[in-house]
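Okay, thanks for making time, everyone. I'll put the structure up and talk through the fold, the confidence and the charged pairs, in that order.

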Amino acid sequence: ASAALDLREEQVVLETDRYRISGTLTLPREGYRSRLSDYVNQRDREFFTLSQATVTALDRPEDSRQSSFLMVGRSHVRMISSANDGSDVQ
C-alpha cells in the first residue's frame, strides 16, 4: 500500500510517426525521475506504459480507439508532453 502512495498519475500526449496517443502515465510522486522529462529520458526504459489510452491515427483523425492498457516502444515516440500544461496538441 505504501508503494502506491509514492506514485502519481500524469495525463500525457505522445506521438509516433503514425499515431497520437493520449493517456495516463504513472510516475514517482517525488524525487529522482518524478518529472516527466527525467522519466522519459531514462536510457534503460524500453516501453512507456499508459492506462486509459486513446489512440488516434494522424492521417485519419476520425479513426480512434480506446485501450485500458497500452505499451508504446520508446524508439517509436517522436514527441511527448503533459496534457495538463495548457498546450494541448491538436
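So, reading along the sequence, what you get is α-β-β-α-β-β-β. That's 2 helices and 5 strands in the chain. Keep in mind that this is a predicted model.

How confident is the predictor, then? The mean pLDDT over the chain is 89, with 89% of the residues at 70 or more. Strand E3, residues 47-57, has the highest confidence, with a mean of 97. At the other end there's helix H1, residues 2-5, where confidence is lowest, at a mean of 60. Where pLDDT is low, the coordinates shouldn't be read in detail. I'll leave helix H1 there and move on.

Next, some overall numbers. The chain has 90 residues, and 33% of them are buried. Its accessible surface is about 6,000 Å², and carbon and sulfur atoms own 47% of that. If you take the contacts with a separation of 6 or more, 56% of them link residues 24 or more positions apart.

Now the charged side chains. How many salt bridges does a search of the whole structure find? There are 6, and I'll walk you through a few of them. As a reminder, side chains of opposite charge can pair when their charged atoms come close.

Let's start with Glu-10 and Arg-8. Their side chains form a salt bridge, at 2.8 Å from N to O. Is Glu-10 buried or exposed? Glu-10 has a relative accessible area of 10%, and the cut-off for buried is under 20%, so Glu-10 counts as buried. Its partner Arg-8 sits at 23%, which makes Arg-8 partly exposed.

Then there's Arg-60, which shows up in two of my examples, so to speak: here's each one. With Asp-59, the salt bridge comes in at 3.5 Å, N to O. With Asp-63, the closest N and O atoms are 2.6 Å apart. On accessibility, Arg-60 is partly exposed at 36%, and Asp-63 is partly exposed too, at 35%. Asp-59 is at 62%; over 50% means exposed, so that's where Asp-59 falls. Put the shared partners together, and Asp-59, Arg-60 and Asp-63 join into one salt-bridge network.

To recap the charged part: we have a pair with a buried Glu-10, and a network of Asp-59, Arg-60 and Asp-63. That's me done, and I'm happy to take questions.

Note on methods:
Residues are numbered from 1 along each chain as its sequence is written. This is a predicted model: local features need pLDDT of at least 70, side-chain atom pairs count only at pLDDT 80 or more; totals for chains, interfaces and linings use all residues. Side-chain values use heavy atoms; hydrogens and water are left out. Helices (H or I, at least four residues) and strands (E, at least two) are DSSP runs, numbered from the N terminus. Buried means under 20% relative accessible area, exposed over 50%, partly exposed in between (1.4 Å probe, protein chains only). Contact means heavy atoms within 4.5 Å. Accessible areas come from the Shrake-Rupley method with a 1.4 Å probe; for residues, only the protein chains shown count as cover. pLDDT is the predictor's confidence in each residue, from 0 to 100. A salt bridge is a side-chain nitrogen of Lys or Arg within 4 Å of a carboxyl oxygen of Asp or Glu.
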